[in-house]
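Student: Could you take me through one part of this structure slowly, and explain the terms as you go? I would like to see how the residues there are placed and what they touch.

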Amino acid sequence: MNKVSERRSNGHLFACLSLCLSVGLLPVGVAEGQTYYFSASGNDANPGTEALPKRSLSTAAGLIAPGTTIKLKRGDTWFQGETTWEIKDKLGTVANPIVIESYGTGAKPIIKTNDNRRPLLMQNIANTTIR
């Protein structure tokens, strides 16, 4: 293949991938069925395993997709300041529900704000369980 044909071929591939991404034919971002662990002492650069948990609840919200399980460490407290943990437009399915639950031992995880705001706001969600 000569250089002109190769560039044309690469251009067609790029256009095809761009079209597929824009109409949602290729998965982007979060894989379905993932479990992510979070601890108030974790780090969002971590992979989200039990040994290396992530930290922020905003990161947790961004990772939620059908089949995702978010695990919050028992005994930990997340202080949200003046913000609310917002989970919006997250639609699980019957086969792949969204689950938010705790792990470890101790008291249930706590999410606090520094005023009278709700610490958690869930809007336009489906097939989601908090336990």
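Tutor: Let us begin with a term: a residue is called buried when its relative accessible area is under 20%, exposed when that area is over 50%, and partly exposed in between. Gln 34 has a relative accessibility of 32%, so Gln 34 counts as partly exposed. Please keep in mind that this is a predicted model.

Gln 34 sits in the loop that runs between helix H1 (3-22) and strand E1 (35-38). Although Gln 34 and Gly 67 are 33 residues apart along the chain, their C-alpha atoms are separated by 6.7 Å. Once residues up to four places away in sequence are set aside, Gln 34 touches Gly 67, Thr 68 and Thr 69.

Thr 69 leads us on to another residue, since Thr 69 is also among the contacts of Glu 101, together with Ile 70, Lys 71, Leu 72 and Arg 131, when neighbours within four places in sequence are left aside. Glu 101 belongs to strand E5, and its relative accessible area is 16%, so Glu 101 is buried, because the limit for that word is under 20%. With Arg 131, the link is one between side chains, which are joined by a polar contact of 2.7 Å.

Glu 101 and Arg 131 also appear in the lining of the largest pocket, as do Leu 72, Trp 85 and Lys 108, among others. This pocket has a volume of about 230 Å³, and the largest share of its lining, three residues, is supplied by strand E5 (residues 98-103). Sorted by character, the lining residues comprise seven that are nonpolar, one that is polar and four that are charged.

Strand E5 takes part in one further feature, which is the aromatic pair, and the structure holds one such pair. The rings of Tyr 37 and Tyr 103 have centres 4.8 Å apart and planes at 90°, so this pair is edge-to-face. Because Tyr 37 lies in strand E1 and Tyr 103 in strand E5, the pair ties together parts that are 66 residues apart in sequence. Tyr 37 is buried, with a relative accessible area of 17%, and Tyr 103 is buried as well, with a value of 9%.

Note on methods
Residues are numbered from 1 along each chain as its sequence is written. This is a predicted model: local features need pLDDT of at least 70, side-chain atom pairs count only at pLDDT 80 or more; totals for chains, interfaces and linings use all residues. Side-chain values use heavy atoms; hydrogens and water are left out. On a 1 Å grid over the protein atoms alone, a cavity is a set of points where a 1.4 Å probe fits but cannot get out, and a pocket is an open set with protein on both sides within 12 Å along at least five of seven lines; lining residues have an atom within 4 Å of a point. Grid points are joined across faces, edges and corners, and a volume is the space filled by probe spheres set on the points. Helices (H or I, at least four residues) and strands (E, at least two) are DSSP runs, numbered from the N terminus. Ala, Val, Leu, Ile, Met, Phe, Trp, Tyr, Cys and Pro count as nonpolar, Asp, Glu, Lys and Arg as charged, and the others, Gly among them, as polar. Buried means under 20% relative accessible area, exposed over 50%, partly exposed in between (1.4 Å probe, protein chains only). A polar contact is a pair of N or O atoms within 3.5 Å; within protein, one must be able to donate a hydrogen and the other to accept it, and residues adjacent in sequence count only if both atoms are side-chain atoms. Contact means heavy atoms within 4.5 Å. Rings of Phe, Tyr and Trp (its six-membered ring) pair if their centres lie within 6.5 Å; planes under 30 degrees apart count as stacked, over 60 as edge-to-face and the rest as tilted.
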